[in-house]
Amino acid sequence: IIHLFERECSIQRRHQKVVEEAPSAVLSEELRAKMGEAAVKVAKACDYLGAGTVEFLLDENHNFYFLEMNTRLQVEHPVTELITGVDLVELQIKVARGEQLPITQEELKIKGHALELRVYAEDPLNDFLPSVGKLERYRLPKGEGIRVDNGIEEGMDVPIYYDPMLAKLVTYGNTREEAIELMKEAIDNYEVEGIETTLPFGKYVCE
C-alpha cells in the first residue's frame with residue numbers, strides 16, 4: 001500500500017469541491033508524512049484493494065481528523081497524476097488484474113504543482129444554480145501545462161437531468177504561482193457561449 005501525497009480541496013460550494021490542488025500550500029513535510037501514514041493505516045485496517053482517497057479535516061492548529069474514505073478514483077485525480085507522474089487509471093487496472101504495484105513509497109516524489117477547476121454548468125453569480133441551454137460556442141484552451149478532461153462539444157445541449165460538470169480544467173507548473181497564472185490564462189482562452197459556467201469563479205479564486 002502506498003500513498004500519493006495530498007490534494008487540497010477546501011474551495012467548495014454546497015459541500016462539493018470546485019477547485020483542487022496538489023500539493024497543499026499548508027502542509028509541512030512532517031505533517032504530510034503523518035497524514036500519508038494515517039491514510040495507509042486506514043487502507044490496511046480494512047484490507048482495501050484498489051484506488052481510494054482518504055479525506056481529512058485540518059484545523060487551525062494543524063491537527064487532522066479522519067472524515068471518510070472514497071473507495072474509488074476521484075474527479076480530482078489528474079492533479080495527483082501530474083505531480084507524481086503516475087497514471088492512476090492504469091495502476092488501478094493493473095491492481096484489479098492482480099498485478100503487484102510497480103512503484104514503492106520511496107520512489108514517489110512531488111514534482112511541481114497542479115490545479116484543477118471543475119467546469120460546471122452553473123451560474124456562480126446566482127448561488128451556483130444550474131445553467132442549461134445550447135452550447136453555441138465551445139472551444140478548449142490548449143498549450144503546455146494545460147490539460148482538459150472534457151466530455152462535451154460545441155452544438156450540444158446541456159440538459160437539467162445530469163450532473164452539471166462539463167469538464168475539468170487542469171494546469172501544471174514548477175511552482176504554485178506558475179500553475180495559478182497558467183490557470184488564469186487557460187480560463188481566459190476557454191470559450192463558452194450559451195450557458196453560464198464556473199470559469200469566472202475559478203478566475204476569481206486564482207486572483
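This passage walks through the salt bridges of a predicted model. Side chains of opposite charge can pair when their charged atoms come close. With a nitrogen-to-oxygen cut-off of 4 Å, the count here comes to 20 salt bridges.

One of them joins R13 and E122, whose side chains meet with N and O 2.8 Å apart. R13 sits in strand β1 (residues 8-13) and E122 in strand β6 (residues 122-123), so this pair ties together parts of the chain that are 109 residues apart in sequence. Both partners are tucked away: R13 is buried, and E122 is buried too.

Another pair, E90 and K94, stays within one helix. The closest N and O atoms of this salt bridge are 3.4 Å apart. E90 and K94 are four residues apart in helix α3 (residues 88-96), which means that about one helical turn separates them. As for the surroundings, E90 is partly exposed, at a relative accessible area of 41%, and K94 is also partly exposed, at 25%.

Then there is the pair R147 and D149, with side chains that meet in a salt bridge at 2.9 Å, N to O. R147 has a relative accessible area of 23%, so it counts as partly exposed. D149 is partly exposed as well, again with a value of 23%.

Salt bridges can also join up into something bigger than a pair. In this model, a network of them links R7, K17, E20, E55, E76 and R118.

Technical notes
Residues numbered from 1 in each chain as written. Predicted model: local features only at pLDDT ≥ 70, side-chain atom pairs only at ≥ 80, totals over all residues. Heavy atoms only, no water. Helix = DSSP H or I, 4+ residues; strand = E, 2+ residues; numbered from the N terminus. Buried < 20%, exposed > 50% of the residue type's maximum accessible area, 1.4 Å probe, protein only.
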